[in-house]
Amino acid sequence: MAGFTSEYLAGFNRNPQAEGMAAESYLETGNRPAFENGGDAIILHPDFAQALRETGSCAPFAEEGAIVERVRARILARAGIETTDDADLKIRYRADGAAVITSRTAIPGYLTPDPRDRRVLGVKIGAMMLGDEPIALDHPALTEGWHDVEADGRWTGGAAVVPASLINGRTLTITVVGTLAYPAHGANRSVEAG
């Protein structure tokens, strides 16, 4: 075990072993009452003791950064998740006069090496027109199915509603400035909206 410090190796002695190698299934950091089988809940605002988690773990702790992304890239390559670039984008007009921008969805943090973005994303809209009138992406009526406005557009959540009060009988035209690699199979097909 050349290259490890005595403090690091001492940590192995606190942890169970499996076939002579350090193993860890649970590290007590004071959060046991938060578990379903931990007895009566006694922690109103739990502190999961990140410092203890980082110093007492069997192996060095990492939840983001280069090492996590390298490991996740290898796992994703082995998983062989089939994706498509086809967003299956549609604009559907509802009976109530609203328009719904539907598309496939993906969660970038599940499909890319960087795990941080856990939003359910559809397509990124760069501009919208109703007839000849541009509609601002930060219009206060755009609430259902929309993520926050970004510098270069606004992501939908797969079923973004443009309310009837804005449509007012006009045709909606959109400019898409961003799409993703979408899971090709399973429940993340195009979102259907009422």
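Here is a walk through this predicted model, from its confidence values to its sheet, its core and one helix residue.

Let's start with how far to trust what you see. The mean pLDDT of the protein chain is 81, and 68% of its residues reach 70 or more. Two stretches fall well short of that level. Over residues 1-14, pLDDT stays under 50, and the model has 11 contacts there beyond four places in sequence. Residues 187-194 also stay under 50, with 21 contacts beyond four places in sequence. Where pLDDT is low, the predicted coordinates should not be read in detail.

Now look at the open sheet, where three strands line up in the order E4-E5-E10 with antiparallel pairing. Strand E4 (90-93) and strand E10 (159-162) sit at the edges, each pairing on one side only. On average, neighbouring strands here are turned by 25° against each other, direction ignored. Zoom in on strand E5 (residues 99-102) and you'll find four bridges joining E5 to E10. Across that pairing, Val100 stands opposite Val161 in E10.

Both of these strands turn up again in the core. The largest nonpolar core has 22 residues, and the ones with the most contacts inside it are Ile101, Ile125, Met128, Trp146, Val162 and Leu172. Elements that give two or more residues to this core are E5, strand E6 (124-130), E10, helix H5 (164-167) and strand E11 (172-178). The largest share, three residues, comes from E6. In soluble globular proteins, nonpolar side chains tend to be buried together.

Ile125 is a good residue to click on here. Leaving aside neighbours within four places in sequence, Ile125 is in contact with Leu137, Trp146, Gly153, Arg154, Thr156, Ile174, Thr175, Val176 and Val177. Trp146, in that contact list, is also among the core residues with the most contacts.

On to the helices. Helix H3 (residues 66-79) has 14 residues and reaches 20 Å from its first C-alpha to its last, close to the 20 Å expected at 1.5 Å a residue. Right after H3 comes Gly80, with a positive phi near 60°.

Finally, find Leu111 in helix H4 (residues 108-111). Is Leu111 buried or partly exposed? Leu111 counts as partly exposed because its relative accessibility is 24%, and buried would mean under 20%. Not counting residues up to four places away in sequence, Leu111 touches Leu76, Ile81, Ala106, Ala181 and Pro183. Take the last of these partners: Leu111 and Pro183 are 72 residues apart in sequence, yet 8.5 Å apart in space, C-alpha to C-alpha.

Note on methods: Residues are numbered from 1 along each chain as its sequence is written. This is a predicted model: local features need pLDDT of at least 70, side-chain atom pairs count only at pLDDT 80 or more; totals for chains, interfaces and linings use all residues. Side-chain values use heavy atoms; hydrogens and water are left out. Two strands pair if DSSP finds at least two bridges between them. Axes are lines fitted to C-alpha atoms, for helices over the stretch in contact, and angles run from 0 to 180 degrees between N-to-C directions. A nonpolar core is a set of buried Ala, Val, Leu, Ile, Met, Phe, Trp, Tyr and Cys residues joined through side-chain atoms within 4.5 Å. Buried means under 20% relative accessible area, exposed over 50%, partly exposed in between (1.4 Å probe, protein chains only). Contact means heavy atoms within 4.5 Å. pLDDT is the predictor's confidence in each residue, from 0 to 100. The expected span of a helix is 1.5 Å times one less than its number of residues.
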